Amino acid sequence: MKRCFSKIKVNMTNSKTKQITVKTLIIFVIALLSFAITSGSNAQEKVRKGLITSLEDIEVTSEKLITPTKETSETVYTGSEITKKGMDIQGDQAKTSVYESLDILSGISVETPDPYGLAAEQRSVRVRGVRGFLGSMTVEGVPNWGGNPMGPREYIYDTENFESISVYKGAVPSDFGTGVGARGGAIELKPKWSDLNDKVGFTLSESTGTDSYSRTFLGFDSGKIPNINTGVSMSYSYTDADKWKGPGDLGPRNNFNMMLTQPISGNSKSSNKDAVKVWFNYNDLSQNLYKALSYQETQDLSANYKNDFNSTLTGVKNQDIYYYDYNKGDYNNLDIMSVIPITLNDSLSLSFKPYYSTEDTEILGGVTTQGGLIQKRTRDIERYGLITQLEGELMSSDLSSVIGSLGYAFESNDMTIITQNLDPLTLANKGYGMYTENDGDGIVHSPFMKLAGNIDKFDWQAGLKYFSYTDPASQGYTSAAPNYELVKAADLYREEKEYEKVLPTVGMGYNFSESLNIYTSYGKNFIRPYSYVPIITLYNTNRSTFQTAGVTLNDMFNGYNMELSDNFELGARFRSGLFEVMPAFFYSTHDNLLTTIYDPRVNLSYQQNVGEATGYGLDLETNLFVLSNLSLFFNPTWTSMTYDDNLTYQGKTLNSKDNQVVDTPEFMAKTGMIYRHDFNTNGSLEVVPMLKYIGRRYGDVEHQEEVGDFITADLNLKYSRKVKWFGSSYSKKENSNDGTTMNVALQLQNLFDEEYIASINASDDSRAGSTGYYVGSPFTTILSVSFEY
């Protein structure tokens, strides 16, 4: 489907356009405030006429988008939870991407060149300035992660299968399943398990849009199956779209999910509480990639906005590396896990969470090495583990209580990552950039403990986690011309290495009233060493130079260590019937950052864990409930994340001290309005206009490559009503679950067709000329129809 909508061209590269964009923001905000004031005045007029007793009598029925959250064994709320409503208003892209679901939060910057949530590993996120792949993601506490790149596989889920998503941007609870690290915060996905009621549930959704976008989602909930009392929830989705620029597709994407809930009968004290849960998720995605622009190309954005990979082969090596079908990815993921709770008595419970995960991925990409090669990256990953936890109430009285938890997390991972070089003209094997064999599995051992309680209005908690990761020994191979046979090389051997750290957390809060709470927290976060492929590839490419200097690959890895951060936060939550304000001041120090250093022995630069940075700022999440059917949200962020020292490259000093970290905007804001109109007949219309502002960013450590700020506007419309379907009945009551709900939604993204740089593909220590820039998608429409029974 061709894009057939009129476009308003907006170019952010000149001051006139910036004035237009800022003017648009001002008009939008004034319109929202005028509407709110008018609505408030109308309400006051009704009070004057006696139609309602007072403004407090206005029942606020608007659903919250973000709420405070904590782990069940804690007392201090240190996280933010995105509700089902918060996920829904962000559109179809938030159904296939967890990161897109987080985009409404302050302190989080989501970057993507794709409007449909399909761009997989070309999408990135930063949490208070820290790259998201350095963070953790779990399903019900079970970690999801892989290598190359290190971090979560956030694109493998359908978010329709989650009830909510919790985010910890600073201190991470000790009993949280962080896998191999959470320096970039932690995300917990909370599944929408079967309701175990007597009603069967069914969901059918169909979406279509520009760029031949289509998505089908089928969901089924058995309710409580008679006699065996089992609940089964299943879903399947198919999603596909053309790339909005250049040749190729973003799919197909196939996802299948099944959740089983089985109550345990037996001991009367446990029969009503315990239920074994099983989670199964399979995702398969094939897609062509978007091409990044150079910084020079971004300086004439209008001329290069649709610059992408070539649609045909030319027979020239250095041109055919840019052929679209030589730049693609195939991603296959399988996850199985179970939650097995055992209630020992009224105050003590035990849980087991076994899990198993596999990843089979192959990515092709053109590189300029040796006059042009196609690099094939293969990831074959298998993980399995067990998390056990004992939790109980240690003391309880009218004024105070203490709960404690003790647990152990174990994981074994077999991770094979290979890079192979292919001839662009014949696809013949041209040897391996990296071929290694591990001597055993990587092993995680992580015992943890936590105490939490309260004394009257004072809440407190403290935790301690010990993390140990054994990185297995690895043997590398060479593959020289003409036969490119694999040959074991002594200098490519890496010794087994163990990384360990004790990680404390502490939190305190005071409840002045039901409406006002303040809290503070501290936590030490970490991430195990990562980015092995670049350093191994560099060594292989310059092997003779390293051998002459007597430097082995193992010597280079001796400079690898765990990245660490100390995170402090001071926040407050003030709530009333008409508004909610949640500010949070944060401060963090980051040590052992992976940073490029210069080695005079070989006259080359490579990464070692020696960098330091400091971050601080303010997150603010605000909701204003103007009327029962009208609410506003405003979530701004101020972030300072700077390098503590200058960096070096090839013996040259890079002036990076006190500079904002690459790709980190100092200012961001997300704002919008949710207006709902109920018709006299059975039905309602919801209107959700939203604005997002991303401030100035830089693509290199010396700030030579500046990327201007931008504003995008979105508009979502949804009409809902109860209908009779399959012989069902319906009720006109607002919260009635009887009958079938039909939803018709229209999503308009980038309403003013803004041209902007959406994503910066860079490391924290990137220098000028090494960064890739991805442009944001233009005006996009999505129409969807769904039925929920």
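Select Arg 128 first: at 9% relative accessibility, Arg 128 counts as buried, in a model that is predicted. Arg 128 belongs to the hairpin of S5 and S6, which has two residues between the strands, and there Arg 128 takes a positive phi near 50°. Next, add Asp 619 to the selection. The side chains of Arg 128 and Asp 619 meet in a salt bridge, at 3.0 Å from N to O. This pair links distant parts of the chain, with Arg 128 in the loop between S5 and S6 and Asp 619 in strand S30 (residues 604-627), 491 residues apart. Asp 619 is buried as well, with a relative accessible area of 2%.

**The three-stranded sheet**

Extend the view to the strands around that hairpin. Three strands form an open sheet in the order S4-S5-S6, with antiparallel pairing. The edges are S4 and S6, each of which pairs on one side only. Strand S4 (residues 108-111) and strand S5 (residues 124-127) are joined in the antiparallel sense over four bridges; within this pairing, Ile 108 has Val 127 in S5 as its bridge partner. S5 also pairs with strand S6 (residues 130-131), again in the antiparallel sense, over two bridges. Here Arg 126 stands opposite Arg 131 in S6.

**A salt-bridge network**

Which residues should be selected together to display a network of salt bridges? The set is Glu 111, Arg 126, Arg 131, Asp 663, Arg 697 and Asp 764. Within this set, inspect Arg 697 and Glu 111, which form a salt bridge with the closest N and O atoms 3.0 Å apart. Arg 697 lies in strand S36 (residues 697-698) and Glu 111 in strand S4, so the pair ties together parts that are 586 residues apart in sequence. Arg 697 is buried, with a relative accessible area of 1%, and Glu 111 counts as buried at 3%. A search of the whole structure finds 33 salt bridges.

Another of these contacts is found by selecting Asp 308 and Lys 243, whose closest N and O atoms are 2.6 Å apart. Asp 308 lies in the loop between helix H5 (301-304) and helix H6 (317-320), and Lys 243 in the loop between S13 and S14, so the salt bridge ties together parts that are 65 residues apart in sequence. Asp 308 is buried, at 7% relative accessible area, and Lys 243 is buried, at 4%.

**The six-stranded sheet**

Now display the strands S2, S3, S9, S10, S7 and S8. They form an open sheet in the order S2-S3-S9-S10-S7-S8, and the pairing is mixed. Strand S2 (66-69) and strand S8 (142-143) stand at the edges, each with a single partner strand, so one side of each is left without a neighbour in the sheet. Within the sheet, strand S3 (residues 79-82) and strand S9 (residues 162-168) pair in the antiparallel sense over three bridges. Select Ile 82 to see that it stands opposite Ile 165 in S9.

From S9, step back to Asn 161, in the loop between S8 and S9. Is Asn 161 buried or exposed? Asn 161 counts as buried, at 5% relative accessibility. Its C-alpha atom is separated by 8.1 Å from that of Trp 193, which is 32 residues apart from Asn 161 along the chain.

**Two surface patches**

Turn to the surface and select Val 200, Leu 218, Phe 220, Met 234, Tyr 236, Tyr 238, Phe 256, Met 258, Tyr 282 and Tyr 789, which make a nonpolar patch of about 800 Å². Strand S12 (213-224), strand S13 (231-240) and strand S14 (253-263) are the elements that give two or more residues to this patch. The largest share, three residues, comes from S13. Val 200 lies in the loop between strand S10 (186-191) and strand S11 (201-209), and Val 200 is partly exposed, with a relative accessible area of 42%.

For the second patch, select Asp 360, Glu 362, Asp 380, Glu 382, Asp 414 and Asp 441, which gather on the surface as a patch of negative charge. Strand S17 (348-367) and strand S18 (373-396) each supply at least two of its residues. Asp 441 is located in the loop between strand S21 (436-439) and strand S22 (442-455); Asp 441 is partly exposed, at 30% relative accessible area.

**Last stop**

Finish at Pro 341, in strand S16 (residues 328-345). Pro 341 is buried, with a relative accessible area of 19%, where the cut-off for buried is under 20%. Add Phe 352 to the selection: Pro 341 and Phe 352 are 11 residues apart in sequence and 6.5 Å apart in space, C-alpha to C-alpha.

Conventions. Residues are numbered from 1 along each chain as its sequence is written. This is a predicted model: local features need pLDDT of at least 70, side-chain atom pairs count only at pLDDT 80 or more; totals for chains, interfaces and linings use all residues. Side-chain values use heavy atoms; hydrogens and water are left out. Two strands pair if DSSP finds at least two bridges between them. Patches are made of residues with over 30% relative accessible area and no salt bridge: like charges are joined within 9 Å, nonpolar side chains (Val, Leu, Ile, Met, Phe, Trp, Tyr) within 5 Å. Accessible areas come from the Shrake-Rupley method with a 1.4 Å probe; for residues, only the protein chains shown count as cover. A salt bridge is a side-chain nitrogen of Lys or Arg within 4 Å of a carboxyl oxygen of Asp or Glu. Lys and Arg count as positive and Asp and Glu as negative; His and the chain ends are not counted. The place of a charge is taken as NZ of Lys, CZ of Arg, CG of Asp or CD of Glu. Buried means under 20% relative accessible area, exposed over 50%, partly exposed in between (1.4 Å probe, protein chains only).
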